[in-house]
Amino acid sequence: MFMDKQVKLAIAPIGWTNDDLPELGGEATFEQCISEMALAGFTGSEVGNKYPRDTGILKKALELRGISIASAWFSSFLTSKPFEDTKAAFIEHRDFLHEMGADVIVVSEQGNSIQGQMETPVFDQKPVFTEEEWQLLVDGLHRLGDLAAEKDMKIVYHHHMGTGIQTTDEIARLMDETDADKVSLLYDTGHLVFSGEDHLHILKTYMDRIRHVHLKDIRAEVAQKVRDEKWSFLRAVKGGVFTVPGDGVIDFKPVFEALSEAGYTGWFVVEAEQDPALANPFEYALKARRYIRETSGL
Ligand SMILES: O=C1C[C@@H](O)[C@H](O)[C@@H](O)C1=O
Ligand SMILES: [Co+2]
């Protein structure tokens, strides 16, 4: 289905140690995490909270295992703080990723986000941007896109549960109001299906803008509980709403087919945060790797 070298396969460390809930997998070491990634057949990773920030040390540890850095998450606060605050943090993050050889930078607007709150119901209290906040977001993202271009990099916007860019309408407005040369889209299957969006519609509509893909599956019965019992995003994660491709309800075959037909090049990142005490990260990495081979030939 995919041509040779068209797509590279990464896995995020969030299944081993969770960045949003550091107590999940707190005991796992950086070396264990990247060794198991390599052993499971992945050649890329995103950056987690246990990774050394010294690029020399990080490069050596990764090279020994044949792993490259695909990207790393960046929280912007364009709607809630002065642009200069986001700019300074972004430049540091951009330069780190550039040094590590990545060419895309994951950006997610965290102004008014409830994704880090343990008690706030994710479906009832997600933020909705005002007109003024939309303007700040669009202008700020254009400026981050320009800063990324200085290093020949792109920003890829991560739509996310519990944030102002979660639903189909919000993604559509963001795509309509931003310049395609400055702002690309990160396509995360798990967040779309969890939110109740049509993930194939988003894929086909914004295919030209998609430059990074997070492969995340959903346990539908947990997602339903999150709605019915008004759980927060973090409680949903702890409760097992996310899992690896092949272990939940999403059929990834049409996703792979559409991306391959469109000639997508870049990274696929398996990203399945769940409690590592309940879902052994190495076992689940192997499960994901097997499923991707069976459904896409990769
Ligand atoms: O890309 C991601 C990074 C995480 O920190 C986040 O909360 C997760 O759900 C995600 O999709
Ligand atoms: Co993601």
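The following paragraphs lead from the overall fold of this predicted model to its ligand site, one strand and one loop residue. Residues are numbered from 1 along each chain as its sequence is written, and chains are lettered from A and ligands numbered from 1 in the order in which they are written. Because the model is predicted, local features need pLDDT of at least 70 and side-chain atom pairs count only at pLDDT 80 or more, whereas totals for chains, interfaces and linings use all residues.

The protein has eleven helices and eleven strands, these being DSSP runs numbered from the N terminus (helices H or I of at least four residues, strands E of at least two). Its radius of gyration is 18 Å, close to the 19 Å that the globule rule gives for 298 residues, so the protein is as compact as a globular protein of that length; the radius is taken over C-alpha atoms, and the rule is 2.2 Å times the number of residues to the power 0.38. Of the 298 residues, 47% count as buried, that is, with 20 or more other C-beta atoms, placed from the backbone, within 10 Å of their own.

According to an unreviewed UniProt entry, residues 38-294 carry the annotation "domain: Xylose isomerase-like TIM barrel", given in the numbering used here and possibly inferred rather than shown by experiment. Over these residues the chain is 42% helix and 17% strand.

Ligand 1 is surrounded by a shell that includes Asp-19, Asp-20, His-158, Asp-188, His-191, His-214, Glu-271 and Glu-273, a residue being counted when its C-beta atom, placed from the backbone, lies within 6 Å. The shell divides into two nonpolar, four polar and five charged residues.

Asp-188 also belongs to strand E7 (residues 183-188), which is largely enclosed by the rest of the structure, because six of its six residues are buried. In a regular strand the side chains alternate between the two faces of the sheet. In E7, Val-183, Leu-185 and Tyr-187 point one way and Ser-184, Leu-186 and Asp-188 the other. Strand E6 (residues 154-158) pairs with E7 in the parallel sense over four bridges, where pairing requires at least two DSSP bridges, and Tyr-157 has Leu-185 as its bridge partner in E7.

Elsewhere, Thr-79 lies in the loop between strand E4 (73-76) and helix H3 (83-99), yet Thr-79 is buried, with 22 other C-beta atoms within 10 Å. Leaving aside residues up to four places away in sequence, Thr-79 touches Glu-109, Gly-111, Asn-112, Phe-129, Glu-133, Leu-136 and Leu-137, contact meaning C-beta atoms, placed from the backbone, within 7 Å.

Technical notes:
Buried ≥ 20, exposed ≤ 12 C-beta atoms within 10 Å, placed from the backbone. Nonpolar A, V, L, I, M, F, W, Y, C, P; charged D, E, K, R; others polar. Contact = placed C-beta atoms within 7 Å.
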